[in-house]
Amino acid sequence: MASPSRSAGADQDAWLPRSDVVETDGAYLIEVELPGVRSEDVGVALNGNEFVVTGEIAERVREGLFRHRNRPVGRFDLRITLPGELKEDEVEVSLAYGVLKAYVPKAKTSTPARHDD
């Protein structure tokens, strides 16, 4: 199962965005919550089997004293290791409405095993 992690190459001071990974027969579908992030502030890469999303949410200048705060700011770094061989040149990524969506196709399509009893 794919899981988000902080690997050796990850920025240890960065926050980890929330994400979902769904595996189908032919691909991995990844959704990452990035509310308020502009596409030019996000980097996406596939390094071997590691899907990487990095970027930063800049702190806004505000006046007054914070009484409550739980929205993340600063650098984020998400790394998800995907099993199997992947088609790096066919990855598709979009960012809309605060959700980054990625389609990462598998190199070999697997079909579920049939059992005739």
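A strand here is a DSSP run of E of at least two residues, numbered from the N terminus, and two strands pair if DSSP finds at least two bridges between them. With that in hand, welcome to the tour. Keep in mind that this is a predicted model.

**Stop 1: the first hairpin**

Select strand 2, residues 19–23, together with strand 3, residues 27–33. What joins strand 2 to strand 3? A hairpin does, passing through three residues. The two strands pair in the antiparallel sense, over five bridges. To see one pair of partners, pick Asp20 and then look across to strand 3, where Glu31 is its bridge partner.

**Stop 2: across to strand 8**

Keep strand 3 on screen and add strand 8, residues 99–105. How many bridges join strand 3 to strand 8? There are seven, and these strands run antiparallel. For an example, click on Ala27, which stands opposite Pro105 in strand 8.

**Stop 3: the second hairpin**

Now add strand 7, residues 92–96. Five bridges join strand 7 to strand 8, again in an antiparallel arrangement. Choose Glu92 in strand 7, and you will find Tyr103 as its bridge partner in strand 8. The hairpin of strand 7 and strand 8 has two residues between the strands. Select Tyr97 in this hairpin: Tyr97 takes a positive phi near 55°.

**Stop 4: the whole sheet**

Show all of these strands together. In what order do the four strands lie? The order is 2-3-8-7, in an open sheet with antiparallel pairing. Strand 2 and strand 7 are the edge strands, and each of them pairs on one side only. Try turning the view to compare the strand directions: neighbouring strands of this sheet are turned by 10° against each other on average, with direction ignored.

**Stop 5: a salt bridge**

Time to show side chains. The model has six salt bridges by the rule used here. One of them is formed by Glu23 and Lys106, whose side chains meet at 2.6 Å, N to O. This pair links distant parts of the chain, since Glu23 belongs to strand 2 and Lys106 to the segment after strand 8, 83 residues apart.

**Stop 6: a charged patch**

For the last stop, switch to a surface view and select Glu88, Asp89, Glu90 and Glu92. Which charge does this patch carry, positive or negative? These residues gather in a patch of negative charge on the surface. You have met Glu92 already: this is the strand 7 residue that has Tyr103 as its bridge partner in strand 8.

Key: Residues are numbered from 1 along each chain as its sequence is written. This is a predicted model: local features need pLDDT of at least 70, side-chain atom pairs count only at pLDDT 80 or more; totals for chains, interfaces and linings use all residues. Side-chain values use heavy atoms; hydrogens and water are left out. Axes are lines fitted to C-alpha atoms, for helices over the stretch in contact, and angles run from 0 to 180 degrees between N-to-C directions. Patches are made of residues with over 30% relative accessible area and no salt bridge: like charges are joined within 9 Å, nonpolar side chains (Val, Leu, Ile, Met, Phe, Trp, Tyr) within 5 Å. Accessible areas come from the Shrake-Rupley method with a 1.4 Å probe; for residues, only the protein chains shown count as cover. A salt bridge is a side-chain nitrogen of Lys or Arg within 4 Å of a carboxyl oxygen of Asp or Glu. Lys and Arg count as positive and Asp and Glu as negative; His and the chain ends are not counted. The place of a charge is taken as NZ of Lys, CZ of Arg, CG of Asp or CD of Glu.
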